[in-house]
Amino acid sequence: EIGSLATRNVIDSVLIAETIEDGSNSRFDANINYQIKGKDDLFLNFDFNYGTYDNDETNDYFNYYTTPELMGQRNLTSNNDAQQTGIDIYTAKFDYEKNIGIGKLGAGLKTSFVNTDNDFIFNNVINEVSILNTERSNQYRYNENVNAAYAAYDWKKDKWTFNAGLRFEASNTEGTLFEIGGDKIVKRDYVDLFPSAGASYQVNQLNAVGIAFSRRIDRPNYQNLNPFIYFINDKTISTGDPFLKPQRTTNLQISHTYKYAFNTVLKYTHTQDLMTRFSEAFEVDGDLPGEPTGEKFFWDNLDKQETISLNFSAPFTIKEWWSTFVSLTT
């Protein structure tokens, strides 16, 4: 019995991408600050800030496919887009400090409002005619209001130094994605507490030890929330995620200092909803079934991350006129 075997030779093409950018942006910031100083190191600070940012940008993308030997053009695809971004930020802050008892009390209030508007139009160019791509075009608006209050107290006793603080935060956010297929709205309202505390002890003139605890929040930047599909070339795109959640981190560390210069820190960190950038393959027009060749970068949250690290840092003098700083982390 004689069988037959069908073979296929596939010659990979080389992609050369060219981008022509044109745009303008403007930024304006204003600040009003008023301070009062009084007895017992009394310090009052009032801050009012306003900032605005506008960006208009157009891009033309050209993708040339050639043979591996670059012997000539095999194919050409082109696209273009228009991006408009407007951001307005308003903040007001009040801080209070005064010596009370054996230490210093600090307290404050802060409120902020952020409004962003992003409009993205993406076109496929066919026979030199721009045709709207509704799957990649959209508009995204994001509004954020954060209100916070904090109090902290620092004091010393003999060889001990202590600090303790608490921050209260209430946040309200709303993101709206306008698409041809239907709008998507993401609302989040939460109240959270962020405590911190620490203590250090001066063992002798050469050695000091300390322990510290803190909890904080890190919000995604507005670019990472923006769901626009940024077209790098035919095979590489990048996008944000309007559903991306802020991450909350708890830190606990123990430290030792020798001669006020050599520092050793053992640190444990737990991060909930860690914001991470991922990549995945996707099928490009013309791909063979089951053989995606494109790469998409996007943001998402991991459930949690836990790390334990040991760091040693110290200054190092090579010569009188030459010094450096060494840091080792494991």
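**A buried aspartate and its surroundings**

In this predicted model, a polar atom of the Asp 241 side chain lies 2.9 Å from the backbone nitrogen of Phe 243. Asp 241 belongs to the loop that runs between strand E11, residues 236-239, and strand E12, residues 247-258. Although Asp 241 is buried, its side chain takes part in no salt bridge, and the nearest side chain of opposite charge, that of Arg 188, is 7.2 Å away, whereas a salt bridge as counted here requires a side-chain nitrogen of Lys or Arg within 4 Å of a carboxyl oxygen of Asp or Glu. Once neighbours within four places in sequence are set aside, the residues in contact with Asp 241 are Asn 224, Leu 225, Asn 226, Trp 299 and Asp 300.

The chain as a whole gives the setting for this loop. The protein chain contains 1 helix and 15 strands, and 30% of its 330 residues count as buried. Among the contacts in the chain with a separation of 6 or more, 60% are made by residues 24 or more positions apart. The area that the protein chain exposes is about 21,200 Å², of which carbon and sulfur atoms supply 54%.

Two loops bring backbone geometry into view. Most residues other than glycine have a negative phi. Asp 40, in the loop between strand E1 (14-37) and strand E2 (43-66), has instead a positive phi of about 55 degrees although it is not a glycine. With a relative accessible area of 49%, Asp 40 is partly exposed, because the exposed class begins only over 50%.

Asn 127, which is likewise not a glycine, has a positive phi of about 55 degrees and is found in the loop between E4 and E5. Its relative accessibility is 72%, so Asn 127 counts as exposed. The flanking strands, E4 with residues 103-126 and E5 with residues 129-132, pair in the antiparallel sense over 4 bridges; together they form a hairpin with 2 residues between them, and Asn 127 sits in the turn. On the E4 side of this pairing, Val 125 has Ser 130 in E5 as its bridge partner.

Strand E4 also carries one end of a charged pair. The side chains of Arg 141 and Asp 117 meet in a salt bridge, with an N to O distance of 3.6 Å. Because Arg 141 lies in strand E6 (residues 138-157) and Asp 117 in strand E4, this pair ties together parts that are 24 residues apart in sequence. Both ends count as partly exposed, Arg 141 at 38% relative accessibility and Asp 117 with a relative accessible area of 31%.

The count of salt bridges in the model comes to 10, and others among them can be set beside the pair just described. Asp 218 forms a salt bridge with Arg 216, the closest N and O atoms being 3.1 Å apart; here Asp 218 is partly exposed at 26% relative accessibility, and Arg 216 is partly exposed at 40%. Salt bridges that share partners also join Arg 167, Glu 169 and Arg 219 into one network. Elsewhere, the side chains of Asp 29 and Arg 27 meet in a salt bridge at 3.2 Å, N to O, and both Asp 29 and Arg 27 are exposed. Asp 241, by contrast, is buried and has no salt bridge, but its side chain has a polar atom 2.9 Å from the backbone nitrogen of Phe 243.

Notes
Residues numbered from 1 in each chain as written. Predicted model: local features only at pLDDT ≥ 70, side-chain atom pairs only at ≥ 80, totals over all residues. Heavy atoms only, no water. Buried < 20%, exposed > 50% of the residue type's maximum accessible area, 1.4 Å probe, protein only. Lys, Arg positive; Asp, Glu negative; His and termini not counted. Polar contact = N/O pair within 3.5 Å; in protein donor to acceptor, adjacent residues only side chain to side chain. Contact = heavy atoms within 4.5 Å. Pairing = 2+ DSSP bridges. Areas by Shrake-Rupley, 256 points an atom, 1.4 Å probe, with all protein chains shown as cover.
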